[in-house]
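Biologist: Hey, got a minute to walk me through this one? I'd like to go over the fold and then poke at a few details.

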Amino acid sequence: MSEDIRKKQPKKKPGKIKTVLIVVVGLLCMAFVLLIIFRNEVKRLINHELDKKPMAEEIEDFYNDDLVGEEGHVDETISETNIRKVFEISGLQTADYIYNSVVRVYNEDESEILYYVSYEGTITAGIDFKDIEIETDEENKRIILTIPEVEIQDTIVNAGTLDFIFMKDKYDKEETYNEAYNLCQKDLDEKSKYEEELMINAQENAEQVVKALTSPWIEQLYPEYILEIRKGGGE
């Protein structure tokens, strides 16, 4: 009797179960991928807003609290102090530039090249807003801002970008990496002093940032005044 019952029981369909499992696993993978994408997008948006929020809030507070009185009237007196507050919001203006170069490394008497090493570095140049000279010419209705010359503020070699070409295998030693990194850093420090195009771009960038910060403020509160931006260093 028990043997007949066993024969009548439906056979399992492993193929169907396997298909269901594949579908379930696939759905789980899709959900996981979508979760990662969603999380990264939310993180990007949050970081983007965090970058913007402090500047926007402080500018709004600056307009409302420092330039607009309790009754909503703008303070018509222009002084270096209230112009300076615009720059206090940012403090330091910098720009990063990617620099690529190759260093030749010689033996002690410089009679033979041991290896070449290429690298990628970052040069940071800019100005400190505290060094901007502010002058108001009430007679000619001008606000004159003299921007200091940009300076190299930092140089950093990206250690992960070092790439070697050895003239002989024996020159590939354990201490070679640290030696090469130090030489690349020295090379970047030295070459950054003579990058005229980089400094010109950094200067123009600084001037554009200063103009972008002050122009809307002057146009809104002191439309009768003209903003004049000058370069420091006698230019």
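**Fold, sheet and pocket**

Modeller: Sure. The protein has five helices and seven strands, and keep in mind that this is a predicted model.

Biologist: In what pattern do they come along the sequence?

Modeller: Reading along the sequence, you get α-α-α-β-β-β-β-β-β-α-α-β.

Biologist: And what share of the contacts is long-range, say 24 or more positions apart?

Modeller: Counting contacts with a separation of 6 or more, 75% are between residues 24 or more positions apart. As for burial, 27% of the 235 residues are buried.

Biologist: OK, sheets. What's the strand order in the open one with three strands?

Modeller: The order is β3-β4-β7, with mixed pairing. β3 (133-137) and β7 (226-231) are the edge strands, each with a single partner, so one side of each has no neighbour in the sheet. On average, neighbouring strands there are turned by 20 degrees against each other, ignoring direction.

Biologist: How do β3 and β4 pair, parallel or antiparallel?

Modeller: Antiparallel, over five bridges, with β4 covering residues 142-147. Glutamate 133 sits opposite threonine 146 of β4, and isoleucine 134 has leucine 145 in β4 as its bridge partner.

Biologist: What about the turn between β3 and β4?

Modeller: Those two strands make a hairpin, with four residues between them. Lysine 141 in that turn has a positive phi, about 55 degrees.

Biologist: And how many bridges join β4 to β7?

Modeller: Six, and β4 and β7 run parallel. One of the facing pairs is arginine 142 with isoleucine 226 in β7.

Biologist: Which helix packs on the sheet against β4 and β7?

Modeller: That's α5 (residues 196-221), and its direction makes about 160 degrees with that of β7.

Biologist: So is β4 mostly covered or mostly open?

Modeller: Mostly covered: five of the six residues in β4 are buried.

Biologist: Switching topic. How much space is in the largest pocket?

Modeller: About 190 Å³.

Biologist: Which residues line the largest pocket?

Modeller: The lining is Val103, Arg104, Val105, Tyr106, Glu179, Leu183, Lys186 and Asp187. β1 (92-106) and α4 (176-192) each supply at least two residues of that lining.

Biologist: How does the lining split by class?

Modeller: Four nonpolar, four charged and no polar residues.

Biologist: Let me pick on valine 103. Where does valine 103 lie?

Modeller: Valine 103 is in strand β1, and Val103 is also one of the residues lining the largest pocket.

Biologist: Why does valine 103 count as buried?

Modeller: Its relative accessible area is 9%, and buried means under 20%, so valine 103 makes the cut.

Biologist: What does valine 103 touch, leaving out residues up to four places away in sequence?

Modeller: Valine 103 touches Tyr115, Tyr116, Val117, Tyr119, Leu183, Cys184 and Asp187. Leu183 and Asp187 are also among the residues lining the largest pocket.

Biologist: How far apart are the C-alpha atoms of valine 103 and tyrosine 119?

Modeller: They are separated by 8.2 Å, and the two residues are 16 apart along the chain.

Biologist: Great, that covers what I wanted. Thanks!

Terms used. Residues numbered from 1 in each chain as written. Predicted model: local features only at pLDDT ≥ 70, side-chain atom pairs only at ≥ 80, totals over all residues. Heavy atoms only, no water. Pairing = 2+ DSSP bridges. Axes fitted to C-alpha atoms, helices over the stretch in contact; angles between N-to-C directions. Contact = heavy atoms within 4.5 Å. Buried < 20%, exposed > 50% of the residue type's maximum accessible area, 1.4 Å probe, protein only. 1 Å grid on protein atoms, 1.4 Å probe; cavity = no way out; pocket = protein on both sides within 12 Å on 5 of 7 lines; lining within 4 Å. Points joined across faces, edges and corners; volume = space filled by probe spheres on them. Nonpolar A, V, L, I, M, F, W, Y, C, P; charged D, E, K, R; others polar.
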